[in-house]
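Grab a coffee and open the structure in your viewer. Here are a few exercises to work through, each with a solution you can check step by step.

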Amino acid sequence: MQHSKINWLFKLVSPGLLLITSLALVCESFLLYQAKNNLQKLTAIVFLLYCIFLIIKKYSWFNLAVVVLILTFGMLSYFDQKTTDIQLTDQTQILVYPDEVKIEDGWLSGIGKTEQGKVTIAGNVKDDQNQYFADGNPVILSHITGEIETISPATNCGEFDYQKYYAGKKIFQRIKIKSCQFVKSRVTIFTYLHRWRYQLQQYFKKMPRLVGFFASELILAENPSKDNQEILNNYRDLGVIHLLSISGLHVGIYTLVISTICFRIKLTQEETFLCCGLILIVGIFLSNGQPGFIRASLTYLLGQLFLLKKWKISGPDLLGLTCLIHIFFVPRLFMNIGAILSYVLVFGLQITSHWSNFWRSVSLNLLLTPLLLFYFFQVNVFTIFFNMLIVPYFNYVVMPIAFLNILVFKNIPGIGQVSENILEITEQIIANLSETKLGLVTFGKISWWQCVLLLLISAIFLAFMNEKGYLNKKKGFFISAAAMYLISFSMIHFPLQGQVTFIDVGQGDSILITTPYPRKVYMIDTGGKLNFSGKKVTPQVNRITIPFLKSLGINQIDGLFVTHQDADHVGDIGPLMSQVHIKKLYTAKGLSKNPSFKKRIEKYMDQTDLIELLAGMQVKEFQIDFQVVYPFKEGEGKNEDSLSLTFVLAGKRWLFTGDLGQDGEKEIANNFNLKVDYFKLGHHGSKTSSNPEFLQKISPSEVFISAGRNNRFGHPHQETLSTLRQLNIPWVSTQDCGMISWYYGFKEPSFSRFLPEKKE
């Protein structure tokens, strides 16, 4: 294989046409599907025009065909953007394959298909309806009553965006089913394929937990249970999460095994190619179209085809051809972070194929790091060494055990438990290693332009390493890359601005307060999901607050103020303390004696100081003084005992009163002469607070409401909103704005909302 020589004109010894054309299509895809503002659109257009310029400059004999190809893809993508809203009528029918839905405790959720397109579905199912799925046959839902809505976007910085995720699959709406009828669908070829996939899901569920987890990940590219989330977190923190993704590694194993068998039975090269192709197509279906597996399968099949035909093609061009075919069939391909990481990694492997293993690992990690920081906000600097330790374990222990159980689990009694015992020991070692957080850096979220710039620096380095004088250029690269990372890190960890942010935790409260450099971090309440079902629920702090803190590069909180015991204010304190070091925990006096609250915090208090507060006390911290204005006596942590705080930042006074009622507000008014600029409205805008006289006395210029969308309590109540209108007090709510932030520091204080304003 020839290696590519590149200068600013991208002059390749090998043709390079397919690679550049694929890059042009990627730019088009980003422009049409992901660019959010004019600067992002302009950047995409500049890169697209540069690719077209290269094609016209270097490949004049073929440039017309390529430009037509680029325009064709643009037109197809443009029309692909146009979608039809699905209407829920008496005639609406939804085709549901059993392998694409989950039923837990009588609750159905997953993906269904209508004539207009795919939708996500959710709703209760009866036991007799559940039986329709037991044999693995598809079901048609008809006579549906319920609600259809647009899939909600992320409402906080750092939060996973399900709207974008499903848009990448061309799914835009969600149906909440209240009732429906189940009818068995007619049998097609797809029925058998989906039934087979469903049967594999059920087969893996019968295996011991770890064995079933790895088997499901390696074959179906899915996690069969929420109980396995800790394993994924351990692999992610060590920087080896890619091992759990179906990718080129698995394609290599499949094709090696098949080719060996075909060789033993003396099949021809062409027959072996067909056998491998058939198995890989089945693998693509079983993995539910996992981008890494498709990419690796396409690359193998195209490479073998070129080999059989004795056509020459360079590695980068083969990757470019793979990308061209892939993106034409899946125009939204690069809305998937897995697809981006897969193609970038393989591009790096192609360019560095002649390097030593050490420099190759270093360079590949540098190439991927900007993407990891942009999407996941953290990186493990020792990932090279962890890969050296865990990759052999995964290749020679996990994969053989998983595939052995897939083949003989039913036939050899005890094999599953023996395998589980082995995996329990090894996975515990990995968990212990992960818990040390060795090498794990909470870097924070870099901006999109920083990500692009760092990727360009890495790509230029990879290109110039092919030149004869690469040593000097390598040194220059490291200086440039180090400087860029240092600047990015400093901008995140040594901010010139502080903030007060109302985190959108739904029906609950959680407020983050930070100061400019040297940054101090404080929180008021943690939020928590109200659980009326009595069933175990996943802490929402893992989905909302922890990613937000990581996006800011925060892994320690200087002070956490807990207002009272209610779950929507303090329900997630345990999960938060287990992942983020909290130096001081402040509560109203008496709350620490509350058995329910003690149970939440007792096992996390080893390195945390507990400080009890009453009205009149002050918490003096660097750049900020918290004044306690309630309660006046020891309580039990109920609403009427809510810890209430006021403080001043940039000349603006804030007041937070938790779920304090009107009687408590009167006590504050009688004992403190408060005039505030910003007030967090009591009890999520309930009619029990805030009192009109209290609001008149504190005279806020704006109030904030933290409440869940469509919450069962009807917060904020109309009586409270009417009071605000009568007093001419403007208000904003997390229901409408998502996360609300107020920034102060070297610039004039300003507000921002995470969600765009809805057009009337």
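Before we start, a pocket here is an open set of grid points where a 1.4 Å probe fits, with protein on both sides within 12 Å along at least five of seven lines. Its volume is the space filled by probe spheres set on those points. Keep in mind that this is a predicted model.

**Exercise 1. Describe the second largest pocket: its volume, its lining and the chemical class of its residues.**

Step 1: start with the volume, which is about 500 Å³ for the second largest pocket.
Step 2: look at the lining, which has 19 residues. I219, Y254, I279, F403 and I406 lie nearest the centre.
Step 3: find the helices behind it. At least two lining residues come from each of α6 (189–206), α7, α9 (248–264), α10 (269–286) and α15 (383–408).
Step 4: sort the lining by class, and you get 17 nonpolar residues, 2 polar ones and no charged ones.

**Exercise 2. Work out how helix α7 sits against helix α16: parallel or perpendicular?**

Step 1: take the angle. Helix α7 (residues 209–220) packs on helix α16 (residues 415–435) at about 85°, and their axes are 7 Å apart.
Step 2: apply the cut-off, where 65 to 115 degrees counts as roughly perpendicular. So α7 and α16 are roughly perpendicular to each other.
Step 3: list who touches whom. From α7 come R209, L210, V211 and F214, and they meet G416, S419, E420, L423, E424 and E427 of α16.
Step 4: class the residues of this contact, and you find 4 nonpolar, 2 polar and 4 charged.

**Exercise 3. Trace the sheet of 8 strands and say which strands stand at its edges.**

Step 1: read off the order, β14-β13-β12-β11-β10-β9-β22-β23, in an open sheet with mixed pairing.
Step 2: check the ends. β14 (609–613) and β23 each have a single partner strand, so one side of each has no neighbour in the sheet.
Step 3: add the twist, which averages 20° from one strand to the next.
Step 4: look at one parallel pair. Strands β11 (residues 521–524) and β12 (residues 556–562) share 3 bridges, and Y522 has G559 in β12 as its bridge partner.
Step 5: compare an antiparallel pair, β22 (residues 740–745) and β23 (residues 750–753), joined by 4 bridges. A hairpin of 4 residues links β22 to β23, and Y743 is bridged to S750 in β23.

**Exercise 4. Do the tracing again for the sheet of 7 strands, then find the helix α23 that packs on it.**

Step 1: the order in this open sheet is β15-β16-β17-β18-β19-β20-β21, again with mixed pairing.
Step 2: β15 (618–621) and β21 (731–733) are at the edges with a single partner strand each, so one side of each is left without a neighbour in the sheet.
Step 3: pair β15 with strand β16 (residues 624–630), and you get 4 bridges in the antiparallel sense. K620 has D625 in β16 as its bridge partner.
Step 4: place helix α23 (residues 662–671), which touches β16, β17 (644–649) and β19 (678–680) and makes about 115° with the direction of β16.

**Exercise 5. Locate the cis peptide bonds at P631 and P716.**

Step 1: the bond from Y630 to P631 is cis, with omega near 5°. P631 belongs to the loop between β16 and β17.
Step 2: the bond from H715 to P716 is cis too, with omega near -5°. P716 is in the loop between β20 (702–705) and α25 (718–726).

Definitions and conventions. Residues are numbered from 1 along each chain as its sequence is written. This is a predicted model: local features need pLDDT of at least 70, side-chain atom pairs count only at pLDDT 80 or more; totals for chains, interfaces and linings use all residues. Side-chain values use heavy atoms; hydrogens and water are left out. Axes are lines fitted to C-alpha atoms, for helices over the stretch in contact, and angles run from 0 to 180 degrees between N-to-C directions. Angles under 35 degrees count as roughly parallel, over 145 as roughly antiparallel, 65 to 115 as roughly perpendicular and the rest as oblique. Contact means heavy atoms within 4.5 Å. Ala, Val, Leu, Ile, Met, Phe, Trp, Tyr, Cys and Pro count as nonpolar, Asp, Glu, Lys and Arg as charged, and the others, Gly among them, as polar. Two strands pair if DSSP finds at least two bridges between them. On a 1 Å grid over the protein atoms alone, a cavity is a set of points where a 1.4 Å probe fits but cannot get out, and a pocket is an open set with protein on both sides within 12 Å along at least five of seven lines; lining residues have an atom within 4 Å of a point.
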